[in-house]
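Me: I should like to understand how the labels given to a structure follow from its values. Please take me through the reasoning step by step.

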Amino acid sequence: MSAVVRRPVAFVAAIVLFGEAAGMVLVNGILATVVDNQEMSLAGLDPAAMSAGAWVMGGVAGLYLVLCGLVLLLTGIRDRAPGRVGRAALISCAVVHGVLGALTVGLIGWAAFVFMMVVLGLIVLTLVAYGNGSGTSSPNEKGGGGEESAPAPA
């Protein structure tokens with residue numbers, strides 16, 4: 001896949017993840033505020049602890065999504081595949097979006113499912129477009145034009 005396609009996909013995926021991070025913090029902040037204002041408890045848990053937990057969860061999830069967005073942004077700017085840590089973060093982010101997408105069908109509806117699958121598709125497309133870390137060159141563009149030697153069978 002050419003840089004004409006893969007760079008914009010990485011940028012769009014980064015922007016979507018930044019927006020999703022803001023939405024995650026906002027939703028968890030609203031939940032924390034409602035729990036705190038209503039003094040709700042779940043099985044006798046302290047409402048202040050539940051409120052603090054919702055804020056922390058929103059912050060951690062938001063930071064994780066911002067980290068993944070930064071990896072995608074740097075990938076698009078440099079036009080190189082992310083490193084091992086970045087690739088692992090993006091793969092885990094894709095898995096989380098797949099699992100949450102499956103859960104959102106029953107809990108929220110099809111619109112949320114479609115959003116989660118679009119984000120999943122953008123992340124996976126970026127990972128596939130940049131391949132296994134080969135940068136901007138494909139295996140056919142390497143010098144010499146000869147075939148690479150395969151390892152000897154065991």
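**From values to labels**

Reply: In this predicted model, a search of the whole structure finds one aromatic pair. The partners are W110 and F113.

Me: Why is the pair of W110 and F113 called edge-to-face?

Reply: The ring centres of W110 and F113 are 5.4 Å apart and the planes make an angle of 85°. Centres must lie within 6.5 Å for a pair, and planes over 60 degrees apart count as edge-to-face, so both conditions are met. Both residues belong to helix α4, three residues apart, about one turn of the helix.

Me: What makes W110 exposed, and what makes F113 partly exposed?

Reply: W110 has a relative accessible area of 58%, and exposed means over 50%, so W110 is exposed. F113 has 22%; because this value lies between 20% and 50%, F113 is partly exposed.

Me: How do you know that R6 and D79 form a salt bridge?

Reply: The closest N and O atoms of R6 and D79 are 3.2 Å apart. The cut-off is 4 Å, so the contact qualifies. The structure holds one salt bridge. R6 lies in helix α1 and D79 in the loop between α2 and α3, so the pair ties together parts that are 73 residues apart in sequence. Both residues are buried.

Me: Which class of residue has 14 members in the lining of the largest pocket?

Reply: The nonpolar class has 14, beside two polar and one charged residues. The pocket has a volume of about 480 Å³. Helix α3 gives the most to its lining, with six residues.

Key. Residues are numbered from 1 along each chain as its sequence is written. This is a predicted model: local features need pLDDT of at least 70, side-chain atom pairs count only at pLDDT 80 or more; totals for chains, interfaces and linings use all residues. Side-chain values use heavy atoms; hydrogens and water are left out. On a 1 Å grid over the protein atoms alone, a cavity is a set of points where a 1.4 Å probe fits but cannot get out, and a pocket is an open set with protein on both sides within 12 Å along at least five of seven lines; lining residues have an atom within 4 Å of a point. Grid points are joined across faces, edges and corners, and a volume is the space filled by probe spheres set on the points. Helices (H or I, at least four residues) and strands (E, at least two) are DSSP runs, numbered from the N terminus. Ala, Val, Leu, Ile, Met, Phe, Trp, Tyr, Cys and Pro count as nonpolar, Asp, Glu, Lys and Arg as charged, and the others, Gly among them, as polar. A salt bridge is a side-chain nitrogen of Lys or Arg within 4 Å of a carboxyl oxygen of Asp or Glu. Buried means under 20% relative accessible area, exposed over 50%, partly exposed in between (1.4 Å probe, protein chains only). Rings of Phe, Tyr and Trp (its six-membered ring) pair if their centres lie within 6.5 Å; planes under 30 degrees apart count as stacked, over 60 as edge-to-face and the rest as tilted.
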